[in-house]
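This report walks through a single protein chain, taking its interior, its rings and its charged side chains in turn. Please keep the sequence and the model in view while reading.

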Amino acid sequence: MIDISNTFKKHLLEGLKFAKKLLEMWSTKLKIDFPEYEFILILTYHDDDTILRFHRLRESEETWININNIEEFEEGIIIRKV
């Protein structure tokens with residue numbers, strides 16, 4: 001989120017709150033625009049920055065993140081499947 005606003009460099013919690021809102025918005029937008037596809041949204045907090053990613057799930061490809069073993073991640077993480 002620090003790439004979006006320098007404010008989030010000084011106010012880390014605000015960056016996390018913004019990313020959570022953005023995750024909600026992206027979830028809704030992806031469901032509306034692409035109802036035939038499944039997506040995974042991943043929000044991580046690491047090294048004083050919040051990062052939000054999304055990936056389309058495809059049967060023929062494995063995901064880059066094993067959502068069954070999130071306990072192994074050292075960084076904070078939220079995963080949502082839509």
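## The nonpolar core

The largest nonpolar core is made up of eleven residues, namely Met1, Phe8, Ala19, Leu22, Leu23, Leu30, Phe39, Leu41, Leu43, Leu52 and Val82. Helix α2 and strand β1 (38-46) each supply at least two residues of this core, and the largest share, four residues, comes from α2. It should be kept in mind throughout that the model is predicted.

One member of this core, Ala19, can be followed a little further: when residues up to four places away in sequence are not counted, Ala19 touches Met1, Leu43, Thr50 and Leu52.

## A buried serine in helix α2

Is Ser27 buried or exposed? Ser27 lies in helix α2, which covers residues 12-33, and Ser27 counts as buried because its relative accessibility is 3%, under the 20% limit. A polar atom of the Ser27 side chain lies 2.9 Å from the backbone oxygen of Leu23. Once the neighbours within four places in sequence are left aside, Ser27 is in contact with Leu41, Arg80 and Val82.

## The aromatic rings

A pair of aromatic rings is described by the distance of the centres and the angle of the planes. Across the whole structure, a search finds five aromatic pairs. One of them joins Tyr37 and Phe39, whose ring centres are 6.5 Å apart and whose planes stand at 85°, so the pair counts as edge-to-face, the class for angles over 60 degrees. The two partners can also be described by their accessibility: Tyr37 is partly exposed, with a relative accessible area of 32%, whereas Phe39 is buried, with a relative accessible area of 6%.

Ring pairs link Tyr37 and Phe39 with Trp26, Phe34 and Phe54 into a cluster. Tyr37 has a charged neighbour as well, since Arg56 lies over the face of Tyr37, at 3.6 Å from the ring centre. Phe39, for its part, belongs both to this ring cluster and to the nonpolar core described above.

## The salt bridges

Side chains of opposite charge can pair when their charged atoms come close. How many salt bridges does the structure hold? The structure holds three salt bridges, and the table lists them with the distance from N to O.

| Residue pair | N to O distance |
|---|---|
| Glu14 and Lys17 | 3.6 Å |
| Arg80 and Glu24 | 3.0 Å |
| Lys29 and Asp33 | 2.9 Å |

The bridge between Arg80 and Glu24 joins two elements: Arg80 lies in strand β3 (residues 76-81) and Glu24 in helix α2, so the pair ties together parts that are 56 residues apart in sequence. Arg80 is partly exposed, with a relative accessible area of 29%, and Glu24 is partly exposed too, at 39%. Arg80 has already appeared in this report as one of the contacts of Ser27.

In the bridge of Glu14 with Lys17, the partners are three residues apart in helix α2, so they are separated by about one helical turn. Glu14 is partly exposed, with a relative accessible area of 39%, and Lys17 is partly exposed, with a value of 44%.

Lys29 and Asp33 are four residues apart in helix α2, so they too are separated by about one helical turn. Lys29 is partly exposed, with a relative accessible area of 48%, while Asp33 counts as partly exposed at 36% relative accessibility.

Conventions
Residues are numbered from 1 along each chain as its sequence is written. This is a predicted model: local features need pLDDT of at least 70, side-chain atom pairs count only at pLDDT 80 or more; totals for chains, interfaces and linings use all residues. Side-chain values use heavy atoms; hydrogens and water are left out. Buried means under 20% relative accessible area, exposed over 50%, partly exposed in between (1.4 Å probe, protein chains only). A polar contact is a pair of N or O atoms within 3.5 Å; within protein, one must be able to donate a hydrogen and the other to accept it, and residues adjacent in sequence count only if both atoms are side-chain atoms. Contact means heavy atoms within 4.5 Å. Rings of Phe, Tyr and Trp (its six-membered ring) pair if their centres lie within 6.5 Å; planes under 30 degrees apart count as stacked, over 60 as edge-to-face and the rest as tilted. A charge sits over a ring if NZ of Lys or CZ of Arg is within 6 Å of the ring centre and within 35 degrees of the ring normal. A nonpolar core is a set of buried Ala, Val, Leu, Ile, Met, Phe, Trp, Tyr and Cys residues joined through side-chain atoms within 4.5 Å. A salt bridge is a side-chain nitrogen of Lys or Arg within 4 Å of a carboxyl oxygen of Asp or Glu.
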